[in-house]
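Me: Hi! I've got a structure to go through and would love some company. Mind if I fire off a few quick questions?

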Amino acid sequence: MTTMPYDIFHPDRKALMAIIEALPVAALYTEGDHICFNRAAERLIGYGMDEIRSIDDWFQKLHGPCHKKIREIYDSDRAAGFPAPRRVTITTKDGCRRHVEFSASGTDRIIYIMHDITDLVSAQEQVKENAARYQILNSTSMDGFWVVDQSGKIIEMNDACCAMLGYSREELLAINLRDIEAAESPEETNKHMCALINSGYDRFETHHRRKDGRIIDVEISTTYEYTTNCFLAFVRDITEHKYADKALRQSEERYRRFSSLTSDYVNFCSRQGDSPYRVRWMGGAVEAITG
């Protein structure tokens with residue numbers, strides 16, 4: 001890194017530039033077309049003071065083909081007294097793109113503070129991307145989906161969840177998970193939530209109470225998100241599946257009971273009436289007898 005060339009400025013500015021050099025953040029000072037920046041700025045942009053000697057050099061090296069447009073914005077801000085911070089994207093010496101925010105003061109002799117906000121911008125873009133994904137999930141998922149905080153308060157849900165439980169969005173936002181949980185007591189729900197925080201994931205079946213009082217069977221796949229301290233869950237109504245499964249088991253049980261009790265013959269024949277044959281139930285076993 002190079003030292004600041006104080007000799008290009010009037011002697012009474014040297015103390016000011018020494019302060020700028022001591023700042024822990026990237027800082028610049030311009031006077032006319034001359035520019036001077038501290039070591040923190042050198043580390044950010046990758047250029048030394050011997051490589052950028054004027055305002056024009058600064059814009060051409062850091063903004064490339066669009067330097068004229070950025071310069072116009074800069075001149076406009078300067079004429080207005082730099083009323084607000086300005087976010088721009090720069091290209092460092094090694095070719096990396098960085099997002100920075102400038103705050104400035106002055107018109108002829110100008111002091112700039114430059115913050116690297118690349119990580120912040122990336123985080124904001126990630127939030128927007130997640131929001132877009134959630135919107136798709138909200139509008140297309142046939143399963144219910146909700147977000148519940150550690151206290152059990154429902155803080156977000158999709159339309160399918162509202163339809164499944166019979167509540168409006170506003171009504172669900174005003175109630176607690178324990179208000180619709182029909183299989184566990186509040187104490188059991190608390191223990192279940194604590195266990196899920198420790199494990200991070202669970203998949204289980206339970207019962208939920210709809211707004212109209214009807215109890216439905218649900219299958220829940222839930223994940224605890226440590227960054228937000230919230231439970232994210234998919235909720236599927238399996239009431240009809242459970243009913244069909246129960247009916248099938250009852251039918252099979254009736255069949256087993258019938259086959260174990262009867263030894264009667266049952267006559268069968270083809271649709272044309274020929275080749276009759278009999279089937280005899282022998283303690284659950286089947287014996288075919290022709291003739």
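Me: Let's start with Arg-71: does it count as buried, exposed or partly exposed, and what is its relative accessibility?
Reply: Happy to help! Keep in mind that this is a predicted model. Arg-71 has a relative accessibility of 21%, so it counts as partly exposed; the cut-off for buried is under 20%.

Me: Which residue does Arg-71 form a salt bridge with?
Reply: Asp-56, with the closest N and O atoms 2.6 Å apart. Arg-71 sits in helix 4 and Asp-56 in helix 3, 15 residues apart. Both also belong to a network of salt bridges that includes Asp-75 and Arg-78.

Me: Nice. How many salt bridges are there in the whole structure?
Reply: The search finds 14. One of them pairs Asp-143 with Arg-236, at 2.8 Å between the closest N and O atoms. Asp-143 is in the loop between helix 5 and strand 6, while Arg-236 is in strand 10, 93 residues apart.

Me: Switching topic: how many disulfides does the structure hold?
Reply: It holds 0. For Cys-161, the nearest cysteine sulfur is that of Cys-162, 5.9 Å away. The cut-off for a disulfide is within 2.5 Å, so this pair is not one.

Me: And helix 1, which of its residues are buried?
Reply: Met-17, Ile-20 and Glu-21. Seen down the helix axis, they fall within an arc of 100°, so they line one face of helix 1. Ala-15, Ile-19 and Ala-22 are exposed on the other side.

Me: What covers those buried residues of helix 1?
Reply: The cover includes strand 1, strand 2, helix 2 and strand 5.

Notes:
Residues numbered from 1 in each chain as written. Predicted model: local features only at pLDDT ≥ 70, side-chain atom pairs only at ≥ 80, totals over all residues. Heavy atoms only, no water. Buried < 20%, exposed > 50% of the residue type's maximum accessible area, 1.4 Å probe, protein only. Helix = DSSP H or I, 4+ residues; strand = E, 2+ residues; numbered from the N terminus. Arc of directions from axis to C-beta. Contact = heavy atoms within 4.5 Å. Salt bridge = Lys/Arg side-chain N within 4 Å of Asp/Glu carboxyl O.
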